[in-house]
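Work through the exercises below with the sequence and the structure side by side, and try each task before you read its solution.

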Amino acid sequence: MPRRLTADDLAAIAVPESPALSPDGTRVVYVLRQADLDADRDVRRLWTVPVDGGAEPAALTDGPADTAPTWAPDGRRLALLRPDAGGSAQLWLLDVDDPGAAVALTALPLGAGPAAWSPDGRTIAFTASVDRAAVAGEDDAARARRAYAPIVADRLSYVVEGPGIRGSVRDHVHVVDVATGACTQLTDGDWDAGAPAWSPDGALLAFPAATDPDADLKRTRSAHVLDPFAPGAHPREVGAADGWAGPLGWTEDGSALLIAGTPAAPNGHYGLLRVALAGGATTNLAAPLDRNVMFGSPGYPGTTPRTAGDGATVLFCATERGDVALHAVPADGSAAPTVLVGGTARNVSAVTVAAGRAAFTLTSAASFGEVASLDLATGVETVLTAHSAASLAGIEPFGRTEREFTISDGTVVHAWLMRDPAAPPGPQPLLVDAHGGPHNSWKGTLDEVHLYHQELVAQGWTILLVNPRGSDGYGEAFYRGAAGGWGVEDANDFLEPIDALVAEGAVDPDRLALTGYSYGGFMTCYLTSRDPRFAAAVAGGIISDLTSMAGTADNRRGLSESQFGGRFWADRARYAQQSPLTHVEDVQTPTLVLQGGADRRCPFGQGQQWHTALRELGVPTQLVIYPDAVHNFTINGRPSHRIDLNRRVVDWVTTHAA
């Protein structure tokens, strides 16, 4: 008899990442990620699989931390990232026919970023972290003393992930000569450069960067181009200076950039922008969709825009009802985008294109992720791997069923329900799980992060996964539906579906539990401070006070302007009204608080002050701090932390909502 998934199965789950299609379109090299419980880390090795299905997938390297494979134009070599003895990722070169003879190409003090090969294969461009305060020739002792010296900053520092304070460390564009290993830093300044992309003729590099002296006070980042072979060349800004440029590429003729971004400061959907180097109007090729262009990041599937082999078509990803589909659109904007790979509970990410084919990772209701290919001429889609089938041998996971709820103001919210189909009819305990973002969304795909859903359903629980106002995939008006009104505009999107399920006799109103992480942690605190119905709550990576959050989070600029409706001093009353902490004295719900010790997206103090207040109020509570864990540790942190979190959620809600 098949058994059910538990948190302990995390070590058996193997997930493909970062596929790279060979230039001739015949094989895919990809990263296979799997947890190593003994080492308490994720192990990443390179694997390869033929596109024609003539052989099974096979390991190419032993790892344990091989990432970001990128084919050379000759189709014989790969560039990849592999850590040096100090743990910094460096660029390595690997002959695909002799993978054991890989050689290091860089030896930079703070490591290197993923490779971008020049069209002639002679040069690799990449970003690398640079300590701008470093002194040439200083010894180890001097370097150690400087590491603990006071940090003086004129500009605000924005650290997305990782322990420590960046201080004088910035990311800049470099190039390395593949034949000689000579490495040159091309950009410099008190700003960070994004991933570079070569023009089709190899004459220019393009990259996004916020170079304005006051960029830390603005929500702008523009595209730049640079001649990498001209000594002393300076980046030239391309397109609007007041927009936001994300990952980018080039049109086939090299006349324009293709950017996942926004023409103005981002407050809504990201678009697919065609920006001509010669100037002129910017065209959003994805505008007819009224959907968000997804460029890919942890927890958010998507891809950098790619041109297809004919040069007349651009491939990109966009969200539809929570799922992420692969689209095609004419590069000249002459027609609306069309879906190439889509459907319910199917999510595309990390697209790579060569020789009339596309390869990508594809998650589904039955899979944590596989490598798939698409023949761009015929539209034939082929799944090339079966890692989830191996991971799930003898296991039958519970699926998710779609629901819609009409809220009292007429808004329709989409949701997913999980319930054991073999369970007898009647009311069950309910766990409501609020997703993060707020511009993320629950999907129908198999989920390796929230394994506690599977365990609770096996114990007779119902799980409700609502995509409230602010969720992605339902149009820009819905996407902006909670902006400036967290907790005010979206609370009923959670509460009224609960009422509906209680009225249907599906859930027990006395056994309601609530959980969420990040924005979901905010909603967990907000709802329990305004509504006493919940018997248990688990709040992770929380936001408890909007005022302090607006001044301390690494993305505080975006939060205050696009999510909180403006600076706190302009509307102190509204910040207080929407902050969970304002009504913490009304909380009655036993609450478990989960917090990464190195979280700078939702800083540690947010969870600490919530836990302190509940302790002083006599409300049952615990604070669990995961050492050195950053905000995304629930996705890519230590396996021991991820397993522990899943177990604690199950234990807390079953104890307090029994």
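**Exercise 1: The largest cavity**

Task: Find which strands each supply at least two residues of the lining of the largest cavity, and then describe that cavity.

Solution: The model in view is a predicted one. Begin with the strands: S15 (222-226), S17 (244-250), S18 (256-262) and S19 (271-276) each supply at least two residues of the lining of the largest cavity. Next, place this cavity among the results of the search, which covers the whole structure and finds two cavities of 30 Å³ or more. The largest cavity has a volume of about 110 Å³, and among the 15 residues that line it, those closest to its centre are Ala240, Ile259, Thr262, Leu273 and Val275. Finally, sort the lining by residue class, which gives nine nonpolar residues, five polar residues and one charged residue.

**Exercise 2: The second largest cavity**

Task: State what volume the second largest cavity has, which residues line it, and how its lining divides into classes.

Solution: The volume of the second largest cavity is about 80 Å³. Reading along the chain, the lining is made up of Ala365, Phe398, Gly399, Arg400, Met418, Gly444, Thr445, Leu446, Asp447, His450, His453 and Gln454. When these residues are sorted, four are nonpolar, six are polar and two are charged.

**Exercise 3: Strand S15 and its sheet**

Task: Decide whether the residues of S15 are buried or exposed, and then work out which strands pair with S15.

Solution: First consider burial: five of the five residues of S15 are buried, and the strand is mostly covered. Then consider direction, for which a general rule helps: in a regular strand the side chains alternate between the two faces of the sheet. In S15, Ser222, His224 and Leu226 point one way, whereas Ala223 and Val225 point the other way, and all of them are buried.

Now turn to the neighbours of S15. Strand S14 (residues 205-209) pairs with S15 in the antiparallel sense over five bridges; within this pairing, leucine 205 stands opposite leucine 226, and alanine 206 stands opposite valine 225. Strand S16 (residues 236-238) also runs antiparallel to S15 and is joined to it by three bridges, with arginine 236 as the bridge partner of valine 225. The last step is to put the strands in order, which gives an open sheet of four strands, S13-S14-S15-S16, with antiparallel pairing. Its edge strands are S13 (197-198) and S16, each of which pairs on one side only.

**Exercise 4: A sheet and its edges**

Task: In the open sheet with the order S9-S10-S11-S12, find which strands stand at the edges and explain what that leaves without a neighbour.

Solution: This sheet has four strands with antiparallel pairing. Strand S9 (116-117) and strand S12 (183-185) stand at its edges, and because each has a single partner strand, one side of each is left without a neighbour in the sheet. To see the pairing of S9, note that two bridges join it to strand S10 (residues 123-131), with the two strands running antiparallel; here alanine 125 of S10 is the bridge partner of alanine 116.

**Exercise 5: Strand S33**

Task: Explain why strand S33 (residues 428-434) counts as largely enclosed, and name the bridge partners of leucine 430 in S35 and in S34.

Solution: Strand S33 is largely enclosed by the rest of the structure because seven of its seven residues are buried. S33 pairs with strand S35 (residues 507-517) in the parallel sense over six bridges, and in S35 the bridge partner of leucine 430 is leucine 512. S33 also pairs with strand S34 (residues 462-467) in the parallel sense, over three bridges, where the bridge partner of leucine 430 is threonine 462.

**Exercise 6: The length of helix H12**

Task: Check the span of helix H12 (residues 639-656) against what should be expected at 1.5 Å a residue, and list its buried residues.

Solution: The 18 residues of H12 should span 26 Å at 1.5 Å a residue, and its end C-alpha atoms are 26 Å apart, so the two values agree. The buried residues of H12 are Pro639, His641, Arg642, Ile643, Leu645, Asn646, Val649, Val650, Trp652 and Val653.

How values were computed. Residues are numbered from 1 along each chain as its sequence is written. This is a predicted model: local features need pLDDT of at least 70, side-chain atom pairs count only at pLDDT 80 or more; totals for chains, interfaces and linings use all residues. Side-chain values use heavy atoms; hydrogens and water are left out. On a 1 Å grid over the protein atoms alone, a cavity is a set of points where a 1.4 Å probe fits but cannot get out, and a pocket is an open set with protein on both sides within 12 Å along at least five of seven lines; lining residues have an atom within 4 Å of a point. Grid points are joined across faces, edges and corners, and a volume is the space filled by probe spheres set on the points. Ala, Val, Leu, Ile, Met, Phe, Trp, Tyr, Cys and Pro count as nonpolar, Asp, Glu, Lys and Arg as charged, and the others, Gly among them, as polar. The expected span of a helix is 1.5 Å times one less than its number of residues. Buried means under 20% relative accessible area, exposed over 50%, partly exposed in between (1.4 Å probe, protein chains only). Two strands pair if DSSP finds at least two bridges between them.
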